[in-house]
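Biologist: I'm new to reading structures. Could you walk me through one, feature by feature?

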Protein chains: 2
Amino acid sequence: MAEQANGGYSGKILRVNLSNNITSVETTDNSFLRKYLGGAGFVTYFLWKELGQGTEPLGPDNKLIFALGPLTGIPLPGSGRNCIGAKSPLTEGIAKSEVGGFWGAELKRAGYDVVIVEGKAEKPVYLWIHDGEASIKDAGHLWGKNIKETQQTIRTELGDNLLRVAAIGPAGENLVRYACIMNGLFDTAGRGGLGAVMGAKNLKAVAVRGHQAPPISNSRPVTELRKWMAANLHLVKDFCEYGTGAAMEAFEAAGNLPVRNFRDGVFPGITKISAPTIKDTIRIGMDGCFACTVRCKKVVQVKQPYFVDPAYGGPEYETLAALGSNCGIDNLEALAKGSELCNAYSLDTISAGEVIAFAMECFENGLLSVKDTDGIELRFGNEEAMLKLIELIARREGIGDLLAEGAARADRKIGKAAEEFAIQVKGLEAGMHEPRVKPGLGLGFMVNPQGADHCCNLHDTMYIGENWRVKEMEHLGMPVPFSLEDIGPRKVALFKLVQQKLILLDSLVVCQFLPYSFEQLNDVVAAVTGWDTSITELMRIAERTLTMTRLFNLREGFTAADDKLPPRFFQPKTDGVLADKLLDPAKLEHAKRYYYVLMGWDEGTGIPKPEKVAELDIP
Amino acid sequence: MAEQANGGYSGKILRVNLSNNITSVETTDNSFLRKYLGGAGFVTYFLWKELGQGTEPLGPDNKLIFALGPLTGIPLPGSGRNCIGAKSPLTEGIAKSEVGGFWGAELKRAGYDVVIVEGKAEKPVYLWIHDGEASIKDAGHLWGKNIKETQQTIRTELGDNLLRVAAIGPAGENLVRYACIMNGLFDTAGRGGLGAVMGAKNLKAVAVRGHQAPPISNSRPVTELRKWMAANLHLVKDFCEYGTGAAMEAFEAAGNLPVRNFRDGVFPGITKISAPTIKDTIRIGMDGCFACTVRCKKVVQVKQPYFVDPAYGGPEYETLAALGSNCGIDNLEALAKGSELCNAYSLDTISAGEVIAFAMECFENGLLSVKDTDGIELRFGNEEAMLKLIELIARREGIGDLLAEGAARADRKIGKAAEEFAIQVKGLEAGMHEPRVKPGLGLGFMVNPQGADHCCNLHDTMYIGENWRVKEMEHLGMPVPFSLEDIGPRKVALFKLVQQKLILLDSLVVCQFLPYSFEQLNDVVAAVTGWDTSITELMRIAERTLTMTRLFNLREGFTAADDKLPPRFFQPKTDGVLADKLLDPAKLEHAKRYYYVLMGWDEGTGIPKPEKVAELDIP
């Protein structure tokens, strides 16, 4: 690429080594920025380039990378996010997670696009980044504190109520392998145990504040897209009205709702815990992220039987299903409490819920007993047990210490029989969607480098019927709709294109919920950076990053055999519409192989062909 | 795809069966038009769908298909062309060829986008298509006539001096396997022997006339692109000033000029026959195609020692090299005469020149003697012999009967030793460019379904340095420039993208010389048809058509082993800069395999994977 000005995108890196307290600032050049774009692209690049093979995820050699993208912090809905990555203590492969709120936009205003945290502090510290300056500060007094206390204390001691905090609670400190990192009090970089990586570095928080709005090369397309979004909010009206979880009752009816560790199908209690019900009951408002008009974040208040602090927001769909139906629980107040606790402790609600459901099924099958649980009757539907386990896991107390390892590690300790109850891929507990209903999601669970990520859900159901996603894919020459059951070559080709779009969004970093097309995104990237990018260029960048994540995992010992679903998804559900519906393993295997072909990876081994690696110019 | 109006694109098919004189009109629907687009896409579709395996190319079951595209006949430079296809009597694989002039635009005005000619007339006929009407007319009096006489006679007898004629001369009538079809007097659908297919059907000509300009859904983008082209003629200034062949002297210096059957490198006579020399000597004007401001067609006049009729235009680069340097001839007047004769007789100048050079090398090596040639001293540099052979080949007289079979068939008859002198792939004689200089062209020669087509040249040299093609590829995220020598994965990826662009142009049908980008083409397609196409949709269509051509050839028995270069390209030239430069067969083989991978074809066999066929929805 010829050198061009990169308008609003400095790509400045702050590197912090906590072992020796050295911070340094690195600049990037235009060719680097344009090749990897940002967010997930950066995270993947640095992990691939800088991490040694076999790095211990919870050791000092792992690196925790916060990355923004070219669109972060511009006045556009969806632009407030940031990406975080590291080698995952849960999967021992790549972990990357995107998170909303205001922290990303604030870091941008503080002058950085990437923060790479290396080494391990001798004692707890936090990082304070403000208007280009960075300092490492003592966090001894913050250790053990929950997220709200942490944020409040930092704001008070730095005398700035508008600074933004990314922090861990006790779960991160205690190295729970699925601890998350919280932006503020209810935005979470949830999956893969990034909070444990942060905890292992003795890094309690990263506080940021800045005053320099990012320059934009040509502001008009940004203004236009913002106006378009304001005029087209109806495209995401469910998110506006309900937040996530608007369609849970339909999910249940279709067999798409995980019930009791993905075992059962029927869950009448769904009407008590769905987002529409929340709206009519415990919801006291909606909140949102930087510059976003959608405001999809529920705020709930409960006073009894549990007190739920509205500051921690409210339960997302994934939380409602993971702690709720998947644990057989339909007590909304308990779920709101569970959500609050997970946020306060920095626990990923999906993994936490799935691990608890796993433990419940082990218990009901006699693989765990009250002796193991210190008397807890760990049965499906027991909301008290669920809440108690969240506490135990976050503190690694009693049975919590075992469960803090995640379902895949716990099943090895509990015994062979427990394996079939661990609903995970590569060690990551499954998101709350049902591959038996939508095999495209199954393929996503299989080949996604992070494991059975909930984001894989955007691959499939969303492309049924008449909607903006279908229209965009048709516009890209990818005929839709497919039937939900389809897992043939055209579905796989659609899958790959969707995957490219998602990793592009994660690289920009822009919210996956917003109805922006490739074309709109490209226009705004060009407007901000001054580059003459094109959709095809963005697609190639996405392909490069996807292949790099693959290479990272292969270096860590993953093989094609790890791209597989757990046995549960090949069993019928006990009841409901999926009671006689099974996934066809041969078809899925076929789809997986064809996905490899489309990616330019070896059809059998899934190893990127050397030619593909060279073609994509991967170092 | 949802049904939409297809503004200016009716896609009406005229089907003519010459065995029973039945003509019929078929309509197509929008989904068909949008899936195959036109031109090469249509030709490939109908040949794949309607031809039986093993159809005899010169028998009544072969079909001769004339196809226009959505842009044909609109007021835009490059839109006057049409595509013609059939099973090739030269390669026995797919033949498709694009041709300029005015015939395509006229057929569009007569109301048809496709003419499919089936069967075989009992005696010579011609077809008369005018304003929706079609009739089969006696051509007994035209048989044996050259192109000019044919056109003039038809115009006179139909009383319309503005009708347009596509016709064959004696070479087509005599089933010379590389006879071409002439639009007017100097635009030729040259490659693959389509003129022989026409001759075998006893079809002398297709005359067309119409008065209905094609409707355009939204004329503004068409006007804008036309204006842009007018303002940017400098992008194709060599074509404007010289026509093809502006850089022949540089070609010779770089070793890129075929000299004496691709054997030698040095050719000082190049200065006598290059396009700049033509401009300064025998050129009396320039001519052009429908709506085109470039006007790249030379018109030459020679009075002695040969009389060359200016009505037949002048020699293109390919002709100058094929009949000239490649036969060791630097007599410009003889080349102008050769060009005129080939046009008058409907002989492809590239195959004719290459076959003559082949015969000359056979002669010089004692594989042919004066006994075989009726006394002609068939030596390199003998211009009289070259002109005589054109006559003999067109009439299949003497040695001409053997050479009318093409180099690949002739070598089998002359004997094993002649094989190395036949510079052809799949039976098609090589275009006048040098794979030893540019291995990307070599890959093109290898995998192109039509064989060593001269159009393969657009794959490589054109992407060196600073130019609009390089800029477009960069804009598509394909980093350029590569070195000319490179044949690694990134070059192969570029190659595939360029190939998609070329087959897209052939489907639209738009001239490959015009500097339109994917984006500009897409805008105009959308404007004409009213479709909301996108670049990615157009790329997919291109991929579909390419894979269909592959399937057609495979059905006819071609294998990956046929994707190979003749031995000459792995030998050093006798002199010049390529005397110590060799193509690396292993690297080319590697490139070929990677090309298969990128196409979704089996890496070893080159057979499109069933999944790819299903994904592209190929019937």
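Modeller: Sure, we'll take the pairing of the chains and then a few spots inside them. Keep in mind that this is a predicted model.

Biologist: Okay. How are chain B and chain A related in space, by what rotation and what shift?

Modeller: The general idea: two copies of a chain are related by a rotation about an axis and a shift along it. Here, turning by 180° with 0.0 Å of shift along the axis lays chain B on chain A, with an RMSD of 0.0 Å. The two copies are thus related as by a two-fold rotation axis.

Biologist: And which surface does each copy use to meet its partner?

Modeller: The same one, because 100% of the interface residues of chain B are also interface residues in chain A. By contacts, 28 residues of chain B touch 28 residues of chain A.

Biologist: How do I put a size on that?

Modeller: People often quote the accessible area lost when the parts come together. For chain B and chain A, the buried area is about 2,700 Å², and carbon and sulfur atoms give 58% of it.

Biologist: How many salt bridges are there between chain B and chain A?

Modeller: The count is 3. One to look up is Lys609(B) with Glu603(A): their side chains form a salt bridge at 2.6 Å, N to O. There are also 14 residue pairs in polar contact across this interface, with both residues at pLDDT 80 or more.

Biologist: Which elements of chain B give two or more residues to the side that touches chain A?

Modeller: Helices: H19 (468–475), H20 (489–508), H22 (535–555), H23 (585–599) and H24 (610–615) of chain B. Sorted by type, the residues on that side of chain B are 11 nonpolar, 6 polar and 11 charged.

Biologist: Let's go inside. Is helix H12 of chain B enclosed or open?

Modeller: For burial, the cut-off is under 20% relative accessible area. In H12 (residues 317–324) of chain B, 8 of the 8 residues are buried, so the helix is largely enclosed by the rest of the structure. Among them are Tyr317(B), Glu318(B) and Gly324(B).

Biologist: How many residues of H17 in chain A are buried?

Modeller: In H17 (residues 407–414), 6 of the 8 residues are buried, so to speak "mostly covered". The buried ones include Arg409(A), Asp411(A) and Ile414(A). What they pack against is helix H14 (349–364), helix H16 (399–403), strand S15 (424–425) and strand S16 (428–429) of chain A. After H17(A) comes Gly415(A), with a positive phi near 130°.

Biologist: What about loops? Is Asp309(A) buried or exposed?

Modeller: Asp309(A) sits in the loop between strand S14 (297–300) and helix H12 (317–324) of chain A. Asp309(A) counts as buried because its relative accessibility is 14%. Leaving out residues up to four places away in sequence, Asp309(A) touches Lys148(A), Val300(A) and Glu340(A). With Lys148(A), there is a side-chain polar contact of 2.5 Å. Also, Asp309(A) and Leu341(A) are 32 residues apart in sequence, yet 9.6 Å apart in space, C-alpha to C-alpha.

Biologist: One more loop: where is Gln450(A) found?

Modeller: Between helix H18 (439–447) and helix H19 (468–475) of chain A. Gln450(A) counts as buried because its relative accessibility is 7%. Setting aside neighbours within four places in sequence, Gln450(A) contacts Thr91(A), Ile94(A), Ala95(A), Lys96(A) and Leu428(A).

Terms used:
Residues numbered from 1 in each chain as written. Chains lettered and ligands numbered in written order. Predicted model: local features only at pLDDT ≥ 70, side-chain atom pairs only at ≥ 80, totals over all residues. Heavy atoms only, no water. Contact = heavy atoms within 4.5 Å. Buried area = accessible area lost by both parts, 1.4 Å probe. Salt bridge = Lys/Arg side-chain N within 4 Å of Asp/Glu carboxyl O. Polar contact = N/O pair within 3.5 Å; in protein donor to acceptor, adjacent residues only side chain to side chain. Helix = DSSP H or I, 4+ residues; strand = E, 2+ residues; numbered from the N terminus. Nonpolar A, V, L, I, M, F, W, Y, C, P; charged D, E, K, R; others polar. Buried < 20%, exposed > 50% of the residue type's maximum accessible area, 1.4 Å probe, protein only. Least-squares fit on C-alpha atoms with pLDDT ≥ 70 in both.
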